[in-house]
Amino acid sequence: MGYKTVLKANLKRHRGALFGVWILLFFTCAALGVALSVWANAGSYINSEIERAGFGDLTAWVSGLPDTNSLSEEISRIPEVSQVETQELFFSDYTVEEQESDSEGQLIRYHAEENRYRFFSEDLQGYEEPPAAVFAGEIYVSPSMVSMMGLSVGDEIRFPIARAGRDKVFTVAGFYEDPFMGSFMIGMKGFLIGGEDFLEIRQVVQSSGIDALAREGAMLHIFAARSNALSAAELNQVINEHTALSSCAEFIHSESAIAGFMLILQNAFGVLLLAFVLVLLFVVMIVLGYSIRTGIETDYVNMGILKTTGFTGGDLQRLQLAQYLISIVGGMIFGLGASLPLSRVVSSMTLTTTGIRVPVSLPPPGWSALFFGAVFAWMILFILAKTRPVQEIAPMKAIRGEAGGDGTGKIQRTPIVPGYLHLSIALRQLMSGKRRYAGACMVAVLLVFITSMIGRMDNWLGPDGKGMMDAFNPADHDIGVQMFGESSIEEAEEMIRRYSGITDDYLLAMPNVAVDGMDYTANVITEPERFHILEGRTCLGEDEIVLTEFVAANLGVQIGDSVTVTGDSGSGEYIVSGIYSCANGMGDNAGMSREGYLKIGQDAPQLWCHHYFLEDTTQKAAVISALEDTYGGDIHIHENTWPGLFGIISAMRALMIVLYVMTAGFILVVTALTGSRLLAAEQRDMGIYKALGFTNRSLRLSFSLRFAMIALPGSVIGLILAAFLTDPIVSAAMKLAGISNFASSPSMVSVLLPVLTVTLLFTGFAFLTAGRLKKTDVTILISE
Amino acid sequence: MKEILLKGTNICKSFQENGAEPRILQSVNVEIYKGDFTIIMGASGAGKSTLLYALSGMDSITDGEILYKGQPLNRLSENRKAALRAREFGFVFQQTHLVSNLTLFENVAVAGYMTKTAGPKEVRQRARELLKLMHVENAKDRLPSQVSGGEAQRAAIARAMIGDPGLIFADEPTGALNKSNSEEVLNLLSRLHENGQSILMVTHDAKAAVRGNRILYLEDGQILDELTLPAFREEDARAREDKISVWLSSLQW
């Protein structure tokens, strides 16, 4: 009973500090819950939907085949394959209100009876029954088209099926969930159309002959035999050896690679949020440690008295543990509960970028038990360690107040300068209570570290996404031009020069090759020195090749090893001269020189894309517009960007805002907690200063100056840490998305913004916290 | 005719306490004269310290008016009150109340800097002189926690003196000191008074009260009576103490 009474009294006495700890745990666990929920639920949902929708272990996109069925049957006959399912489609470029897509779209014939896809309601808030059929002129698109091209229901999409203006225009009837190509991270996009339109397009393509722009093709979903223990890459190798798939495949991806593409954003979001949660946990420990220490100091005499009434040191420690655990468990439970609606918000917000609605539920029990259990166990150990001194309390010594204070016997005598009296006194108070302020300093270090890290990532990305594009593109350029009709590339160049000089140019082709039997895209370039080389050297010789580190790891080869490369006209041995960076296709690609490729591949003018560097890059839009107006469907132009890039930049900006808001919330709680304890500890000194003629305002200013003085060096340390640790930490996360050349650099956003924000927030919140000085009469301040 | 330094008219002070509002000061009318060593006496809970802090403007009043050299103290802005505390008033408390992380010298000098009436150099010089006058020059570089209670209180008096205040408020300045330290502090205050310093001191100790030339007796928040004495002389101390005791007895204290 006595134990309960004291606990209740302690809870009441320290309610401010305990509420602060509750809030910190609430924020941290809400963020942890969201990270786990998004990460786990998105992963399991994508995998279950890919399986439910009947996509194979391998999917091959083929075109140019007179009869797809015979290839399907040929593949089915391989013992390692159990079955092959076919989805008919047409590859075609498309435009939405003058916006031309960078990648081809796939017009897929919709069969209601297959029940492959789920359809969203018009407001994207839920699902609706799949349509029995897609009507003529109507089309269903992925919600990611909203962020990529600003599409909404009722908008028109134009597909150039053949030259001479034989376009097919569709009206968006609704949105469907495409677990295969729905994410904005994937350039190729699937569009569901009805059988009537599909047959009409086939008729136009067939009657247009060489003037056809759309190509008929199919998706072959290849299912491995259950008895087969081959990996997807090995299965691909076996199929290539026994069938003609490699000669007609546009690209082949495994189920796991597709799931990886679909989950890039969710995984990146989850990793960054988990990193932030880790930082927040450190902040919680700092604040909790400070709170426990000052709480013990405040209760020291009471503890001595309780000991005289029969409480043991263990009892007192258990009381401390109980009071903090009540607050911690409350914060954790409410935080976990809040993660549910927050996950719903995240799921809704990301629907138009990921293309899927991540199911909203609490993280899986196993994950929750693991992560939240670890947090809880760590908190218990931490509290036990921090409250150990209460076991040593000697009753009479405590009652006499002989110990338990902050031991300010040794004081740093900083100068008192008359002209800078407030600053001098702030510095003296700060140096006298170093330990009290150390927590705030550490919090500043951690918060600036994480915000600066995100700032550096944002700087790497750049305002136009250059960092990301450099990571995905094999070589830099301003615009790429590919001619298809009778017009020559020289005419196009002449037109470009009317707007801007061309400072440099080179050619790039992206044919498919098989490296040691596995299909990859080859980046074939006329100037191999333009490749972004990470290790070794570029492929200058015609018997050399460069690989991404992912391909090198998949093939188990390193620099100096030989690989067999097969193209559409033969094969040959090539030496791996270096490792290069290109995140295209999650890094599933290789780089070759033109001379090297032509030993095994056929040359054709349409194969090559001319990449130009412009003297005046501000003319880029004008150049593109002029070329499109002049050559229409006979030209394909692309920039050093892709439609989903701006979605990523927006997501990055949104993440930064979320982090800054959470940072501000944390600083507010930390300042309020430490500030109120400091004010309580220093109220006698404050009263004396008031009696000497200091005004409330000057005392508040002096108090907030101390936080500024502690936050500023903390911020600078955080900044230095971010400078050294951002690249290794973020590189590890970026490798999940196939990006291996992350190298950040400082910018205004990554240097000044976090330091200024954190310092000013600490200063401002300290000034607000010290507002209570105004309400208190000097006599009350100095009475003891 | 003595010059009125501080004048309180109908001063009332009450505190909100569990719904009730007990009145600590009940329409107190008082005048404090320049050059006087005025003592406020009374039993515990009579409202002595409350009256002292109300008269100094450190504590708010519920009703009434306080004029310092004709200025209405309770209607001054926070900044004006702070300036008055820095330049016109000096405070000596029962607990020494020196800033714990400043040395004795710094405690005195900071109060001097706040007056803004002299340059830093002069303030430092005056602080050194005052600490010497209070016999604590050897401890000037020590922190309050490193000196005796008497030394700390003498430094507190030096701090109160640094701005040449018009009036020193002393709240039981010897209450926490032993006999010899108390004696020394009272001697210092007497010496200051001899030199023309106006002092208003609260005490319940007749031995301390003998230093004053005017004694106000407070009971239940009201001034019941006052006693005027000639200037203090050491040799008259015993006789003054007896006189005060008789006077207090007549007031049933």
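In the next few minutes I will go through one helix of chain A, then the domains of that chain, and finally its contact with chain B. Please keep in mind throughout that what we are looking at is a predicted model.

Let me start with helix α5 of chain A, residues 195–208, which has 14 residues and, at 1.5 Å a residue, should therefore span 20 Å; the C-alpha atoms at its ends are indeed 20 Å apart, in agreement with that expectation. Three residues of α5(A) are buried, namely Asp197(A), Ile201(A) and Val205(A), and when one looks down the helix axis these buried residues fall within an arc of 75°, so they line one face of the helix. That fits the general rule that an α-helix has 3.6 residues a turn, so residues three or four places apart point the same way.

What do the buried residues of α5(A) pack against? Their partners are strands of chain A, among them β2 (81–92), β9 (156–162), β10 (166–177) and β12 (215–224), while on the other side of α5(A) the exposed residues are Leu199(A), Gln203(A), Gln206(A) and Ser207(A). After the helix comes Gly209(A), with a positive phi near 55°.

Turning to the domains, the assignment for chain A includes domain 2 (94–212) and domain 3, which is made of 417–472 and 641–784; taken over C-alpha atoms, the centres of these two domains are separated by 49 Å.

Finally, at the interface, 27 residues of chain B are in contact with 23 residues of chain A. On the chain B side, α2 (78–87) and α3 (104–115) each supply at least two of the residues that touch chain A, and that side divides into 16 nonpolar, seven polar and four charged residues.

How values were computed
Residues numbered from 1 in each chain as written. Chains lettered and ligands numbered in written order. Predicted model: local features only at pLDDT ≥ 70, side-chain atom pairs only at ≥ 80, totals over all residues. Helix = DSSP H or I, 4+ residues; strand = E, 2+ residues; numbered from the N terminus. Expected span 1.5 Å × (residues − 1). Buried ≥ 20, exposed ≤ 12 C-beta atoms within 10 Å, placed from the backbone. Arc of directions from axis to C-beta. Contact = placed C-beta atoms within 7 Å. Nonpolar A, V, L, I, M, F, W, Y, C, P; charged D, E, K, R; others polar. Domains from an automatic or database assignment.
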